[in-house]
Amino acid sequence: MIKILIADDQDLIRESLKIILDMNSDIKVVGLAENGNKVLEQIRKNLPDIILMDIRMPEMDGVLCTKAVKEKYPDVKIIILTTFDDDEYVFYALKYGASGYLLKGCSVQELTAAIHTVMNGGSILNASVITKVVKLFNQLAQANIAMELDGRSIKELNRTEKNIASLVGRGLSNKEIAEKLFLSEGTIRNALSAALSKLNLRDRTQLAIWAVQTGLASDFHV
């Protein structure tokens with residue numbers, strides 16, 4: 001059973017999402033919260049597997065709450081939900097550890113698929129989000145406030161790992177990467193894990209950000 005906590009400042013959205021998600025036999029909504037502070041209270045009572053996190057909430061917004069949750073509960077997955085098309089929010093939510101980003105206008109099928117993807121260790125990172133991240137990194141680089149690389153070097157990766165990291169940075173799935181590199185999905189998964197370990201990165205989303213920032217995402221060569 002996948003335990004979900006819904007965080008949104010609008011009662012109607014919280015209750016609607018609860019009704020929709022509780023219709024799934026393998027999903028259970030274990031808590032509702034109207035702001036980031038309430039999220040932290042709810043986590044202590046009912047530790048969820050995944051939080052559906054609104055970006056704009058009073059007292060503590062979704063970005064700061066994502067940061068607080070991932071620092072104390074690193075295994076809790078977070079999917080950001082928003083009606084706002086805001087580059088900066090996309091960047092910081094992903095930087096602080098969100099597993100993905102969905103607009104509230106997404107379909108029920110998209111939402112449930114995203115929950116299952118994240119629960120299985122994947123991330124919701126599509127081409128449009130990658131484009132936003134690239135754009136914002138360019139802006140942040142000019143202001144010298146981009147994500148720290150912590151000395152992690154491209155040289156630590158072998159050729160296959162570099163290619164995979166590059167394609168992850170472009171938003172490709174494991175299946176798409178396997179087809180492009182003429183390798184099995186199992187090989188892709190193993191190489192991806194090796195790359196994350198070598199770079200001391202938490203997940204696929206952080207690898208995508210790293211690949212974009214280092215320029216590897218725009219420098220793919222088979």
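Let's start with a pair of helices: the axes of helix 8 (residues 174-181) and helix 9 (residues 185-199) come within 9 Å of each other and cross at roughly 110°. Angles from 65 to 115 degrees count as roughly perpendicular, so helix 8 is roughly perpendicular to helix 9. Keep in mind as you look around that this is a predicted model.

Which residues make that contact between helix 8 and helix 9? On the helix 8 side you'll find N174, K175, I177, A178 and L181, and they meet E185, I188, R189 and L192 of helix 9. Sorted by class, the residues of this contact are five nonpolar, one polar and three charged.

Now follow helix 9 to its other partner here, helix 10 (204-214). Helix 9 and helix 10 pack with their axes 11 Å apart, at an angle of about 70°. That angle makes helix 9 roughly perpendicular to helix 10. From helix 9, L192, L196 and L199 come up against R204, L207 and W210 of helix 10. By class, the contact of helix 9 with helix 10 has five nonpolar residues, no polar ones and one charged. L192 is worth a second look: this residue belongs to the contact with helix 8 and also to the one with helix 10.

These helices also bring us to the largest pocket, since helix 8, helix 9 and helix 10 each supply at least two residues of its lining. The largest pocket holds about 550 Å³ of space. Its lining counts 25 residues, and those nearest the centre are G121, G122, S123, L192 and R204. So which element gives the largest share of the lining? That is helix 9, with five residues. By class, the lining of the largest pocket has six nonpolar, ten polar and nine charged residues.

Next, move over to the sheet. Five strands form an open sheet in the order 2-1-3-4-5, with parallel pairing. Strand 2 (27-33) and strand 5 (100-103) stand at the edges with a single partner strand each, so one side of each has no neighbour in the sheet. On average, and ignoring direction, neighbouring strands of this sheet are turned by 25° against each other.

For a closer view of one pair, take strand 3 (residues 50-54) and strand 4 (residues 77-82), which run parallel and are joined by five bridges. Within this pair, L52 stands opposite I79 in strand 4. In general, strands of a sheet pair through backbone hydrogen bonds, either parallel or antiparallel.

Finally, the sheet has a helix lying across some of its strands: helix 2 (residues 36-45) lies across strand 1 (2-7), strand 2 and strand 3. Relative to strand 2, helix 2 runs at about 135°.

Definitions and conventions. Residues numbered from 1 in each chain as written. Predicted model: local features only at pLDDT ≥ 70, side-chain atom pairs only at ≥ 80, totals over all residues. Heavy atoms only, no water. Pairing = 2+ DSSP bridges. Helix = DSSP H or I, 4+ residues; strand = E, 2+ residues; numbered from the N terminus. Axes fitted to C-alpha atoms, helices over the stretch in contact; angles between N-to-C directions. Contact = heavy atoms within 4.5 Å. Parallel < 35°, antiparallel > 145°, perpendicular 65-115°, else oblique. Nonpolar A, V, L, I, M, F, W, Y, C, P; charged D, E, K, R; others polar. 1 Å grid on protein atoms, 1.4 Å probe; cavity = no way out; pocket = protein on both sides within 12 Å on 5 of 7 lines; lining within 4 Å. Points joined across faces, edges and corners; volume = space filled by probe spheres on them.
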